Amino acid sequence: MENRQKIHCTVQSCKYNNTQDKKCILESIMVTPTENNSSKKEDESMCSSYENVD
């Protein structure tokens with residue numbers, strides 16, 4: 001994955017986050033829109049690949 005895009009992540013509760021280097025260990029993620037939100041800001045989408053570490 002060295003020559004490919006990297007997914008940086010600071011969500012400590014996600015089981016796919018390598019908290020040491022703040023990178024997602026998945027090769028790809030699914031980004032989806034949040035419901036009833038048209039803010040045209042970052043909160044308009046979310047990582048739907050998220051899974052809780054527990």
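Buried means under 20% relative accessible area, exposed means over 50%, and partly exposed is what lies in between (1.4 Å probe, protein chains only). Keep that scale in mind for this predicted model, where local features need pLDDT of at least 70, side-chain atom pairs count only at pLDDT 80 or more, and totals for chains, interfaces and linings use all residues. Residues are numbered from 1 along each chain as its sequence is written, and side-chain values use heavy atoms, with hydrogens and water left out.

Let's start with asparagine 3. Strands here are DSSP runs of E with at least two residues, and helices are runs of H or I with at least four, numbered from the N terminus. Asparagine 3 sits in the segment before β1 (17-18). With a relative accessible area of 80%, asparagine 3 is exposed. Its C-alpha atom is 34 Å from that of asparagine 37, a residue 34 places away along the chain.

Now for the cysteines. A disulfide is a covalent bond between the sulfur atoms of two cysteines. The test used here is a pair of cysteine sulfur atoms within 2.5 Å, and the structure holds 0 disulfides. Cysteine 14 has its closest cysteine sulfur in cysteine 9, at 5.5 Å, which is too far for a bond. Cysteine 24 is in no disulfide either, as the nearest cysteine sulfur, in cysteine 14, is 6.2 Å away. Cysteine 14 is buried at 8% relative accessibility, and cysteine 24 is buried too, at 13%.

Both cysteines turn up again in the lining of the largest pocket, along with Ile7, His8, Cys9, Val11, Ile29, Cys47 and Tyr50. A pocket is found on a 1 Å grid over the protein atoms alone: it is an open set of points where a 1.4 Å probe fits, with protein on both sides within 12 Å along at least five of seven lines, and lining residues have an atom within 4 Å of a point. The space in the largest pocket comes to about 180 Å³, a volume filled by probe spheres set on grid points that are joined across faces, edges and corners. Its lining has 8 nonpolar residues, 1 polar and no charged ones. In that count, Ala, Val, Leu, Ile, Met, Phe, Trp, Tyr, Cys and Pro are nonpolar, Asp, Glu, Lys and Arg are charged, and the others, Gly among them, are polar.

Next come two lysines with a positive phi, though neither is a glycine.

| Residue | Phi | Loop | Relative accessible area |
|---|---|---|---|
| Lysine 22 | about 55° | between β1 and β2 (23-24) | 47%, partly exposed |
| Lysine 40 | near 60° | between β3 (31-33) and β4 | 76%, exposed |

Finally, look at the segment after β4 (45-47), where glutamate 51 is found. Glutamate 51 is partly exposed at 36% relative accessibility. Contact means heavy atoms within 4.5 Å, and, not counting residues up to four places away in sequence, glutamate 51 touches Ser13, Cys14, Lys15 and Tyr16. With tyrosine 16 there is also a side chain to side chain polar contact of 2.9 Å. That term covers a pair of N or O atoms within 3.5 Å; within protein, one must be able to donate a hydrogen and the other to accept it, and residues adjacent in sequence count only if both atoms are side-chain atoms. Glutamate 51 and asparagine 17 are 34 residues apart in sequence, with 9.7 Å between their C-alpha atoms.

Serine 49 also lies in the segment after β4, and is buried at 15% relative accessibility. Leaving aside neighbours within four places in sequence, serine 49 is in contact with Tyr16, Leu26, Ser28, Ile29 and Met30.
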